[in-house]
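Reader: I am new to this structure. Please take me through one part of it closely: the places where the ligands sit. Then show me how the rest of the chain relates to that.

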Amino acid sequence: MSLTNGSPAEAARAAKLSSRTLAILSTEDRNSALQSIHDALSAAKSDILQANARDLEIATKSAADGELSQSILKRLDLSRPGKFEDMLKGILDVKGLEDPVGKVDMRTELDDGLILQRQSCPIGVLLIIFEARPEVIANIASLAIKSANAAILKGGKESTESFKIIATVISKALESTKVPNDSIQLVTTRDAVDPLLQLSQYIDLVIPRGSNELVRHCQRMAHMPVLGHADGLCHYYIHPDAEPEMAASVVVDSKTDYPAACNSLESLLVHEDALKTILPGVASALLAKGVSLRCDPASKAALSGTLDKDQAAKLQDAGESDFDTEFLDLILAIKTIPKTEDALQAVDTAVEHINMHGSHHTDAILTSSEQIADRFCNGVDSACKFWNCSTRMSDGMRFGFGTEVGISTNKVHARGPVGLEGLCIHEYRIKGSGQGAAMYGAGGSRQWKHKRLPL
Ligand SMILES: NC(=O)C1=CN([C@@H]2O[C@H](COP(=O)(O)OP(=O)(O)OC[C@H]3O[C@@H](n4cnc5c(N)ncnc54)[C@H](OP(=O)(O)O)[C@@H]3O)[C@@H](O)[C@H]2O)C=CC1
Ligand SMILES: N[C@@H](CCC(=O)OP(=O)(O)O)C(=O)O
């Protein structure tokens with residue numbers, strides 16, 4: 001990895017050249033680079049945490065002045081228990097996964113001695129722009145190297161010191177491996193982004209991971225395809241047949257496990273018949289965890305009559321904009337879904353709200369009915385649709401991808417948590433024995449076989 005000092009064009013050109021070297025390295029060569037990166041980062045833990053502390057000190061001051069959100073502070077903090085270890089584990093998990101390159105998923109005998117096959121291959125050069133989360137640089141570098149892609153990385157400015165030292169450590173670690181140093185590069189300032197977005201001769205795909213504004217900016221400026229990883233305005237819908245204890249624990253996890261994450265819960269939709277049966281337990285558990293509840297009139301009335309006085313006094317009124325807000329904090333908007341004669345209609349109302357106000361990231365339902373769950377999952381237009389489990393499951397590590405580039409809110413070519421598979425495309429290869437197309441035309445001597453072969 002190099003800290004890019006040259007011009008954007010020089011950086012991108014170097015990445016392109018490296019990508020061709022990466023494409024011919026063996027699985028062992030790429031895995032061995034991941035092991036070296038893991039060992040080097042592990043050895044440099046205290047230096048990295050010191051750099052992170054410097055980032056945090058500046059960010060904490062900005063937050064105190066009201067210039068920075070608490071959610072950015074939480075993302076930035078690499079000293080939170082388990083974060084550094086998770087980062088290291090992610091590298092080894094990725095190393096342990098099957099090589100995603102060269103996997104054959106179609107073989108066809110076109111004719112005698114003429115075999116077509118489709119197989120996975122790297123995309124080439126990726127430009128990935130992401131938020132101020134220091135561990136993301138290691139996550140993405142591992143996925144890129146394993147999938148034989150070169151990557152130019154730009155992280156959030158609040159993490160600059162952390163990114164610089166991590167990049168330096170990775171760079172040194174790569175020196176003793178066959179992975180070219182220029183295959184992973186770090187740019188530290190935003191002004192390099194727009195020129196890079198024009199370099200479609202070198203960069204094959206841009207992945208903006210962050211706010212909607214960032215994704216829209218890249219869509220406007222980029223000369224190459226954009227795989228957007230945008231905001232997560234995630235919902236839970238509680239149907240009246242949901243199991244109350246499960247509802248409380250799953251909703252609390254979705255909201256409080258890591259409120260700053262894009263897969264945390266922001267809006268809770270509750271069927272009218274669940275307002276006095278299931279919601280009180282859910283609300284009480286949330287309030288006990290310090291979550292502010294912004295309720296619509298029906299849910300507030302139901303909770304006011306069921307919660308104890310102290311908890312009821314904490315309830316707040318929701319405004320319309322609360323249902324379009326990604327709080328990234330201990331705040332939850334609650335809306336009532338009116339009951340209908342046909343239970344499926346209520347589900348459809350919830351789905352309509354989610355499709356209108358959500359961000360197509362992750363949305364979930366609590367119900368004991370498979371039919372209701374299916375109706376919900378078929379109707380919701382999101383990358384991840386969960387039944388009876390936390391929205392926080394939306395994550396590459398939890399999906400068994402080792403780690404993730406992020407969670408794609410695009411529809412092509414990758415959707416949801418993006419791991420190795422999302423960083424590969426396919427190519428066609430033919431092994432022939434001298435055939436030409438004219439042999440198969442009108443009056444030609446040969447007939448197509450087009451016979452599917454086992455893989
Ligand atoms: N779907 C997913 O996988 C993820 C989504 N998110 C979402 O990201 C948001 C929070 O992150 P936040 O840090 O606020 O996101 P921002 O979009 O503000 O920043 C993210 C990155 O984009 C850069 N950036 C932003 N605008 C531009 C621009 N116009 N030109 C060039 N670079 C730009 C920033 O640079 P600089 O710091 O230099 O300004 C930073 O590196 C939330 O909405 C969260 O849900 C977060 C993580 C994962
Ligand atoms: N998938 C990751 C979250 C990714 C994400 O949302 O990042 P961020 O919004 O920067 O905290 C996780 O579950 O922790």
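Author: What follows starts with the domains, moves to the two ligands, and ends with single residues. The model is predicted.

Start with the frame. The domain assignment gives domain 1 (8-101 + 121-221) and domain 2 (234-398). Their C-alpha centres lie 34 Å apart. Contact between them takes 6 residues from domain 1 and 5 residues from domain 2.

Now ligand 2. Where does ligand 2 lie with respect to domain 1 and domain 2? Both domains give residues to the shell around ligand 2, so it lies between them. That shell holds 14 residues. The closest are Arg75, Glu131, Cys262, Asp395 and Glu404. By class, the shell around ligand 2 has 8 charged residues, 4 nonpolar and 2 polar.

Look at the polar atoms next. A nitrogen atom of ligand 2 is 2.7 Å from an N or O atom in the side chain of aspartate 395. Glutamate 404 also reaches a nitrogen atom of ligand 2, with a polar side-chain atom at 2.6 Å. Arginine 398 faces an oxygen atom instead: an N or O atom of its side chain is 2.8 Å from an oxygen of ligand 2. How much of ligand 2 does the protein cover? On its own, ligand 2 has 370 Å² of accessible area, and the protein covers 93% of it.

Turn to ligand 1. It is surrounded by 25 residues. The closest are Phe130, Lys157, Ser211, Glu326 and Ile407. Here the classes are 8 nonpolar, 9 polar and 8 charged. Both domains take part: domain 1 and domain 2 each give at least three residues to the shell around ligand 1.

Again, check the polar atoms. The backbone of phenylalanine 130 places a polar atom 2.7 Å from an oxygen atom of ligand 1. Serine 211 uses its side chain, where a polar atom lies 2.5 Å from an oxygen atom of ligand 1. The side chain of glutamate 326 has an N or O atom 2.5 Å from an oxygen atom of ligand 1. Taken alone, ligand 1 exposes 920 Å². The protein buries 87% of that. Which elements give two or more residues to the shell around ligand 1? They are α9 (212-221) and β15 (406-408).

Follow the chain on from β15. The loop between β15 and β16 (416-418) holds arginine 415. Histidine 413 lies in that loop too. The peptide bond from valine 412 to histidine 413 is cis, with omega near -15°. Most peptide bonds are trans.

Stay with arginine 415. Is it buried or exposed? Arginine 415 is partly exposed, with a relative accessible area of 36%. Not counting residues up to four places away in sequence, arginine 415 touches Asp381, Ser382, Ala383, Ser408 and Asn410. Two of these can be seen in finer detail. With the side chain of aspartate 381, the side chain of arginine 415 makes a polar contact at 3.3 Å. The backbone oxygen of serine 382 is reached by the arginine 415 side chain at 3.4 Å. There is also a link across the sequence. Arginine 415 and glycine 228 are 187 residues apart along the chain, yet their C-alpha atoms are separated by 9.4 Å.

Next, asparagine 388. It is found in the loop between β14 (384-387) and β15. Its phi is near 60°, a positive value in a residue other than glycine. Most residues other than glycine have a negative phi. Asparagine 388 is partly exposed, at 23% relative accessible area.

Histidine 450 also has a positive phi, near 45°. The loop between β17 (424-431) and β18 (451-452) contains histidine 450. With a relative accessible area of 52%, histidine 450 is exposed.

Finish with two buried residues. Glycine 124 sits in the loop between β3 (114-122) and β4 (125-129). Its relative accessible area is 5%, so glycine 124 is buried. Beyond its neighbours within four places in sequence, glycine 124 is in contact with Ser19, Asn149, Ala150 and Asp204. Alanine 150 is 26 residues from glycine 124 along the chain, and the two C-alpha atoms are separated by 6.2 Å.

Serine 62 lies in helix α3 (residues 45-64). At 18% relative accessibility, serine 62 counts as buried, because the cut-off is under 20%. Leaving aside neighbours within four places in sequence, serine 62 is in contact with Glu67 and Leu68.

Methods. Residues numbered from 1 in each chain as written. Chains lettered and ligands numbered in written order. Predicted model: local features only at pLDDT ≥ 70, side-chain atom pairs only at ≥ 80, totals over all residues. Heavy atoms only, no water. Near = heavy atom within 4 Å. Polar contact = N/O pair within 3.5 Å; in protein donor to acceptor, adjacent residues only side chain to side chain. Areas by Shrake-Rupley, 256 points an atom, 1.4 Å probe, with all protein chains shown as cover. Nonpolar A, V, L, I, M, F, W, Y, C, P; charged D, E, K, R; others polar. Domains from an automatic or database assignment. Helix = DSSP H or I, 4+ residues; strand = E, 2+ residues; numbered from the N terminus. Buried < 20%, exposed > 50% of the residue type's maximum accessible area, 1.4 Å probe, protein only. Contact = heavy atoms within 4.5 Å.
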